[in-house]
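These are my notebook entries on a structure I went through step by step, writing down what I looked up and how I read it.

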Amino acid sequence: MAEERLILGIETSCDETAASVVRGRAILSSVIASQHELHAEYQGVVPEIASRAHAERILPIVRGALAQAGVGMADIGAVAVGNRPGLIGSLLVGVSAAKALAWSLGVPLVGVEHVQAHLFAGLMHQAGQPATPPPAWPALGLVVSGGHTALYLAHGPERLERLGGTIDDALGEAYDKVAALLGLAFPGGPRVDQLAQTGNAKAFTLPVSRLRPDSLDFSFSGLKTAVRYLVQGVPGAEEPVPTLDDTRRADVCASFQHAAIAAVELKLTRALERAPGVGTVIVGGGVSANSLLRQRLTTLTQRRGLGLRLPAMGLCLDNAAMIAGLGHEILARRGWASDPLDLTAHPTASPA
Ligand code: KG4
Ligand code: ZN
């Protein structure tokens, strides 16, 4: 039966080398090798270092995913790969590996869009655990990651209508830059989240970006600059900058997080008001691991009687299970027809 095929997923769009085996929306294995330690001293991902590390790691990671799932290469019925958007050198490693595997196994190949896959993560479950039924469409999709921050009206897992997005930094990028200002290790999002829990969110009043009254776009650069002034002082000002001790650092984290998440809630609320037919909010991307975002979105959707699909913690950050899951969906819909073997990697998202 076609639906019983095992899909091998491969993800190398940025600084995680990942492979996974899934059956439909059930995850049999998910193996992720992060490169954080290789990029930490640069406070950001260095593309050349990233692609080199992917090339070294991809085969052991694929073998690891097969072993964790307890299956062999011959059991794989299709190969899915994240082929856009991302760092071109990084994407090419995954795309080349996926093509070679699909060709040698004689199975279909499918290229998957990374941002769409982030939203699919919240619809997946571990094998052996109960599946949640797919949401009714249209749903409202929110992607908050290190590279993307956008709202979508989702007419289906691959049919995303973009409603708005960031005009400057992505939310995760703002977290990472604030973390760098505070002297926290890269990627600092999780550390800011953790410190915020011990800080006072009312210690500093930071700007919540609204943009025009009807805007569904996001902007985090003003907030980031406000944090810079708190930490380094306002340029040209006479007053000395208070020492950045642990209390002040935690208060800055809490105040920043409060303003950043309030901006997300505001835009989500605006979007929901314009899309009365939506019954579910689906969230994805690295920042969907954020504790305050998860709490606030749970409250917001409960108050409105809406469903909420948040990825399990292991599926928020870049992973290959979401690629394999969406790959299965696409292949099943089109009768298991393969993408051509000249499938290319693209640095940008597909045009909406
Ligand atoms: O989805 P992802 O792995 O990569 C992209 O596709 O961009 O997201 C990584 C981002 C980083 O910016 C990281 O700091 C952020 O997600 N992040 C968090 C948390 N966990 C990861 N940001 C805030 N709070 C967290 N708990
Ligand atoms: Zn991502």
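I began with H114 and looked up its accessibility, which is 5% in relative terms, so H114 counts as buried. I note here that the model is a predicted one, and I keep that in mind for each entry below.

**Entry: the zinc site**

I asked which residues coordinate the zinc ion (ligand 2). I found H114 and H118, each through NE2, together with D318 through OD, at 2.0 to 2.1 Å. I then looked at the geometry, and with angles of 95 to 135° among the four donor atoms, the site of this zinc ion is tetrahedral. In sequence, the spacing of the donor residues reads H-x3-H-x199-D. I looked up where two of these donors sit: H114 belongs to helix α4 (residues 114–120), while D318 is in the loop between β11 (307–309) and α10 (321–333), so this pair ties together parts that are 204 residues apart in sequence. For D318 I noted a relative accessible area of 13%, and because buried means under 20%, D318 is buried.

**Entry: salt bridges**

How many salt bridges does the structure hold? I noted 12 of them, and I followed a few in detail.

I started with E173 and K177, whose side chains meet in a salt bridge with an N to O distance of 3.1 Å. Both residues lie in helix α5 (residues 171–181), and because they are four residues apart there, about one helical turn separates them. I checked whether each is buried or exposed, and E173 is partly exposed with a relative accessible area of 26%, while K177 is partly exposed with 31%. I also found that these two residues belong to a network of salt bridges that links D169, E173, K177 and K224.

Next I took E265 and R296, whose side chains meet in a salt bridge at 2.9 Å, N to O. E265 lies in helix α8 (residues 246–274) and R296 in helix α9 (residues 291–303), so the pair ties together parts that are 31 residues apart in sequence. On accessibility, I wrote down that E265 counts as buried at 16%, whereas R296 is partly exposed with a relative accessible area of 34%.

The last salt bridge I followed joins R304 and E273, with the closest N and O atoms 3.4 Å apart. R304 is in the loop between α9 and β11 and E273 is in helix α8, and this pair links distant parts of the chain, 31 residues apart. I noted that R304 counts as partly exposed at 38% relative accessibility, whereas E273, with a relative accessible area of 55%, is exposed.

**Entry: a pair of helices**

Before reading off values, I reminded myself that two packed helices are described by the angle between their axes and the distance between the axes. I looked up helix α2 (residues 47–69) and helix α3 (residues 88–105), and their axes come within 8 Å and cross at roughly 30°. That angle makes α2 roughly parallel to α3, because angles under 35 degrees count as roughly parallel. I also recorded the hand of the crossing, and α2 passes α3 in a right-handed one.

**Entry: cis peptide bonds**

Where are cis peptide bonds found? I found that the bond from W137 to P138 is cis, with omega near 0°, and that P138 is in the loop between β6 (125–126) and β7 (139–144). I also found that the bond from F186 to P187 is cis, with omega near -10°, and that P187 has its place in the loop between α5 and α6 (189–196).

**Entry: positive phi angles**

I finished with backbone angles and looked up Q43, which has a positive phi of about 60° although it is not a glycine. Q43 is in the loop between α1 (36–39) and α2, and it is partly exposed, with a relative accessible area of 41%. I then turned to W336, where phi is near 65°, a positive value in a residue other than glycine. W336 lies in the segment after α10, and with a relative accessible area of 11% this residue is buried.

Conventions:
Residues numbered from 1 in each chain as written. Chains lettered and ligands numbered in written order. Predicted model: local features only at pLDDT ≥ 70, side-chain atom pairs only at ≥ 80, totals over all residues. Heavy atoms only, no water. Donors = N, O, S within 2.8 Å, 3.2 Å for Na, K, Ca; no water. Tetrahedral: all angles 85-135°; square planar, octahedral: opposite > 155°, others 65-115°. Helix = DSSP H or I, 4+ residues; strand = E, 2+ residues; numbered from the N terminus. Buried < 20%, exposed > 50% of the residue type's maximum accessible area, 1.4 Å probe, protein only. Salt bridge = Lys/Arg side-chain N within 4 Å of Asp/Glu carboxyl O. Axes fitted to C-alpha atoms, helices over the stretch in contact; angles between N-to-C directions. Parallel < 35°, antiparallel > 145°, perpendicular 65-115°, else oblique. Left-handed = near helix turned anticlockwise from the far one by under 90°.
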